[in-house]
Amino acid sequence: MTTALVAWQSSTDPDDNWEITFAPADAGEGERAPEFDPYAPGPVPASALLAAGWWMECSHCSRHVSADGPDDWGDEDGEDGDAPDPVCVGESVYCDSRCRDKEQAEQAARRARKAAMEADALKRWPGIEVLSVYDDSLEFRFLGQRWTTQWLAADPGHVSMPPADVPLWTAWKAR
Ligand SMILES: [Zn+2]
């Protein structure tokens with residue numbers, strides 16, 4: 001028999017950031033938060049947190065956003081100074097549709113940049129195994145390498161790896 005999970009809210013950090021966790025009714029930490037029970041085993045969507053009176057940070061500009069809209073909204077922010085309705089996407093909340101659109105555009109650009117970086121690396125060194133692609137760098141392994149190689153997009157002519165792998169790299173490139 002599986003034990004039903006119920007929602008608990010707790011705050012462990014000094015900034016008073018609260019979080020919801022799901023645990024059995026007799027084994028949770030913090031306070032019970034029955035309003036979130038329907039979302040077991042989690043995560044709780046941002047819209048439900050706002051509806052329950054929580055505030056969250058806008059996933060684009062980090063402004064505090066509650067169900068009433070973003071905090072400190074002024075004339076220069078648009079909507080004639082009236083706080084817009086927040087926009088929830090899954091676990092994320094945005095001040096308004098503009099913050100959502102800007103974030104989605106930035107994420108798409110970041111994905112495109114990373115894909116181009118990976119394609120560039122695979123062209124330079126066919127056969128490498130790309131392990132991770134970060135915003136400005138890439139980590140890969142070539143055949144037989146014991147550790148991993150780092151490559152910075154800002155310095156494309158250069159790779160770094162532990163000294164023990166260097167002779168292998170020289171041999172691999174010359175193969
Ligand atoms: Zn925002």
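Here are some questions and answers about this predicted model.

User: Let's start with the big picture. How many helices and strands does the chain have?
Analyst: The chain is split by its domain assignment into domain 1 (1-43), domain 2 (45-119) and domain 3 (125-173). Counting secondary structure over the chain gives three helices and twelve strands.

User: What is the radius of gyration of the chain, set against a compact globule of 175 residues?
Analyst: The C-alpha trace spans about 65 × 55 × 30 Å along its principal axes, and the C-alpha centres of domain 1 and domain 3 lie 43 Å apart. Buried residues make up 17% of the 175 residues. A compact globule of 175 residues would come out near 16 Å, but the chain has a radius of gyration of 24 Å.

User: Now the strands near the start. Which residue in β2 stands opposite Ala7?
Analyst: Strand β1 covers residues 5-11 and strand β2 covers residues 18-24; they run antiparallel, joined by seven bridges. The two form a hairpin with six residues between them, and Asp16 in that turn has a positive phi of about 65°. Across from Ala7, in β2, you'll find Phe22.

User: There's a three-stranded sheet too. Which residue in β6 is the bridge partner of Val65?
Analyst: That open sheet has the order β4-β5-β6, with antiparallel pairing. Its edge strands are β4 (56-57) and β6 (69-70), each pairing on one side only. Two bridges join β5 (residues 64-66) to β6, and the partner of Val65 there is Pro70.

User: And the sheet of four strands: which strands are its edges?
Analyst: This one is also an open sheet with antiparallel pairing, in the order β9-β10-β11-β12. Inside it, four bridges join β10 (residues 137-141) to β11 (residues 149-152), with Leu138 opposite Trp151. The strands that pair on one side only are β9 (129-133) and β12 (159-160).

User: Helix α2 catches my eye. How far apart are its end C-alpha atoms?
Analyst: Helix α2 takes in residues 97-124. At 1.5 Å a residue, its 28 residues should span 40 Å. The model agrees with that expectation, because the end C-alpha atoms are 41 Å apart.

User: Which residues of α2 are buried?
Analyst: Helix α2 lies across β9, β10 and β11, running at about 155° to β9. The cover over its buried residues includes those strands along with β7 (87-89) and β8 (92-94). The buried residues themselves are Cys99, Arg100, Met117 and Ala121.

User: Is Cys58 buried or exposed?
Analyst: Cys58 sits in the loop between β4 and β5. A residue counts as buried if 20 or more other C-beta atoms lie within 10 Å of its own. Cys58 has 21 such atoms within 10 Å, so it is buried.

User: Which residues does Cys58 touch, leaving out those up to four places away in sequence?
Analyst: Some of these partners have come up already: Val65 and Pro70 are bridge partners, and Cys99 is one of the buried residues of α2. The full set is Arg63, Val65, Pro70, Val93, Tyr94, Cys95 and Cys99.

User: One last thing: what distance separates the C-alpha atoms of Cys58 and Glu103?
Analyst: Along the chain, Cys58 and Glu103 are 45 residues apart. For the chain in general, residues 24 or more positions apart account for 29% of the contacts with a separation of 6 or more. In space, the C-alpha atoms of Cys58 and Glu103 are separated by 10.0 Å.

Definitions and conventions. Residues numbered from 1 in each chain as written. Predicted model: local features only at pLDDT ≥ 70, side-chain atom pairs only at ≥ 80, totals over all residues. Domains from an automatic or database assignment. Pairing = 2+ DSSP bridges. Contact = placed C-beta atoms within 7 Å. Axes fitted to C-alpha atoms, helices over the stretch in contact; angles between N-to-C directions. Rg over C-alpha atoms; globule rule 2.2 N^0.38 Å. Buried ≥ 20, exposed ≤ 12 C-beta atoms within 10 Å, placed from the backbone. Expected span 1.5 Å × (residues − 1).
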